[in-house]
Amino acid sequence: MTGRTGHAGNGRPRGLAIAAFLAVLAMPARAQPVPEAAPLPVSRPADPENGRRIVMDRRKGLCLLCHSGPFPEMRFQGDLAPSLAGAGSRWTPAQLRARLIDSRLFNGETIMPPYFRAEGQTRMARAFAGRTILTAEEIEDVTAFLATLRE
Amino acid sequence: MTRRAALALALGCLLLGPAPADEIHASQRLSGYDMMGAEAQAMQRDDFANPAMLAVKEGEGLWNAVPGQGRPSCQSCHGNAAASMKGVAARYPAREASTGRVLDLPGQIQTCQSERQGIAPAARESAALLALEAFLAMQSRGAPLASPRARGLDDAVSRGEALYRQRFGQLDLSCAQCHSQNWGRSLGGTRIPQAHPTGYPLFRMEWQAIGSLQRRFRNCMTGIRAEPFPPGAAEWIDLEIYLKERAAGMAMDAPAVRP
């Protein structure tokens with residue numbers, strides 16, 4: 001993250017991500033830095049409105065399968081994860097982006113899917129092989145949207 | 001105790017390991033029936049409302065039918081299923097005595113079709129095979145699921161547990177993360193069950209049809225965007241054996257209804 005990890009999209013090896021993850025684990029508890037990621041190279045400016053649509057889309061973002069949040073129009077929301085309300089106050093955009101790219105950097109046991117990692121999964125469905133859940137543009141859109149969720 | 005024996009014991013403990021922290025205590029086990037809504041429960045309790053009972057009826061017909069001239073029916077060898085097949089489904093998958101291979105119930109039916117009736121076995125998920133499965137499962141209604149370990153299937157239990165704990169697919173999730181660590185919670189409005197295989201084959205409202213345990217597994221695999229194993233694969237049977245060990249002692253409620 002911030003130039004330390006490798007993920008699908010920037011072509012650097014996944015080994016670096018694991019090394020970075022282990023480095024984070026090895027830090028003494030007090031000094032543990034929160035993982036961060038620099039903006040991904042994208043072809044257009046981030047669109048937070050589209051980010052909101054992705055978060056609510058049960059087939060694309062999948063977020064509300066696990067999370068709840070300030071989405072009064074969504075009848076069914078999940079309770080497997082904290083509410084997204086106020087996420088933009090608790091985390092910086094760089095931290096939100098890092099969590100979306102690969103939430104395992106925060107918690108190795110997490111159930112939150114890695115949204116911008118196309119390698120390392122076992123038995124990827126053929127239709128999704130080699131593909132990330134979201135594109136770089138979509139990661140930037142969702143990051144921009146989450147940053148607007150302030151308390 | 002010698003030092004070597006102590007070391008061996010310590011190593012043994014390490015290898016066996018402690019019970020996983022997410023293991024569901026026997027007193028906390030809930031079947032899919034226990035966890036579903038009152039409406040679906042009522043539908044399952046009433047044999048006239050339970051659509052899976054149609055398959056049972058069809059299966060009874062197939063049990064008695066002569067599959068071709070000069071070929072024996074299931075009934076001609078096995079007699080009255082209410083007696084000969086009582087409790088049989090509750091102890092499947094099982095090891096076939098003559099060959100040593102492990103068969104699940106549909107696999108056993110297919111084997112009798114090809115080797116004893118001399119006909120082409122019905123395909124997995126075909127209406128005919130599901131009907132025979134449902135008819136046999138009916139003869140085990142209320143019977144406790146038998147422990148696969150107790151009949152020497154330890155290796156399959158371990159392989160099945162490894163699969164259960166393996167993350168799969170683009171979403172990188174394991175069965176255990178949903179069914180052992182987050183059961184009872186709402187996945188976008190759907191309550192996550194504990195995944196006890198007590199009711200198969202069963203009528204699932206989402207399918208609007210009766211389906212097998214492997215079809216259910218396939219649904220969960222494609223849900224996490226993983227490539228499912230092929231029908232009848234050894235991996236599915238290992239998974240079934242692990243889930244049945246985990247559910248050993250729970251009463252069968254097949255042919256069930258699920259949302």
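Here are four short exercises with worked solutions on a predicted model.

**Exercise 1. The α7/α8 pair of chain B**

Work out how helix α7(B) packs against helix α8(B), and which residues make the contact.

*Solution.* Start with the geometry: α7 (residues 105-116) and α8 (residues 127-138) of chain B pack at about 115°, and their axes lie 10 Å apart. The class for roughly perpendicular runs from 65 to 115 degrees, so α7(B) is roughly perpendicular to α8(B). Next, the hand: this crossing is right-handed. Now pick out the residues. From α7(B) come Leu105(B), Pro106(B), Ile109(B), Gln110(B) and Gln113(B), and α8(B) answers with Leu129(B), Leu132(B), Glu133(B) and Leu136(B). Sort them by class and you get 6 nonpolar, 2 polar and 1 charged.

**Exercise 2. The α11/α12 pair of chain B**

Do the same for helices α11(B) and α12(B): find the angle, then the contact residues.

*Solution.* Helix α11 (residues 213-223) of chain B meets helix α12 (residues 234-246) of chain B at an angle of about 100°, with 11 Å between their axes. That makes this pair, α11(B) and α12(B), roughly perpendicular. On the α11(B) side, look for Leu213(B), Gln214(B), Phe217(B), Arg218(B) and Met221(B); on the α12(B) side, for Trp236(B), Ile237(B), Leu239(B), Glu240(B) and Leu243(B). The tally for this contact is 7 nonpolar, 1 polar and 2 charged residues.

**Exercise 3. Sizing up the interface**

How much area is buried between chain B and chain A, and which three residues of chain B supply 34% of its share?

*Solution.* First, count who takes part: chain B brings 22 residues to the contact and chain A brings 29. Then take the area. About 2100 Å² is buried between the two chains, with carbon and sulfur atoms giving 50% of that. Finally, zoom in on chain B: Gln170(B), Arg225(B) and Glu227(B) supply 34% of the area it buries against chain A, more than any other three residues.

**Exercise 4. Salt bridges across the chains**

Which arginines of chain A pair with Asp172(B)?

*Solution.* Go from the whole to the detail. The search over all chains turns up 22 salt bridges, and 3 salt bridges cross the interface of chain B and chain A. Now check Asp172(B). Arg104(A) forms a salt bridge with Asp172(B), with the closest N and O atoms 3.0 Å apart. Arg117(A) also meets Asp172(B) in a salt bridge, at 3.1 Å from N to O. To place this second pair, note that Arg117(A) sits in the loop between α5 (93-101) and α6 (136-147) of chain A, while Asp172(B) sits in the loop between α9 (154-165) and α10 (175-179) of chain B.

Conventions. Residues numbered from 1 in each chain as written. Chains lettered and ligands numbered in written order. Predicted model: local features only at pLDDT ≥ 70, side-chain atom pairs only at ≥ 80, totals over all residues. Heavy atoms only, no water. Axes fitted to C-alpha atoms, helices over the stretch in contact; angles between N-to-C directions. Helix = DSSP H or I, 4+ residues; strand = E, 2+ residues; numbered from the N terminus. Parallel < 35°, antiparallel > 145°, perpendicular 65-115°, else oblique. Left-handed = near helix turned anticlockwise from the far one by under 90°. Contact = heavy atoms within 4.5 Å. Nonpolar A, V, L, I, M, F, W, Y, C, P; charged D, E, K, R; others polar. Buried area = accessible area lost by both parts, 1.4 Å probe. Salt bridge = Lys/Arg side-chain N within 4 Å of Asp/Glu carboxyl O.
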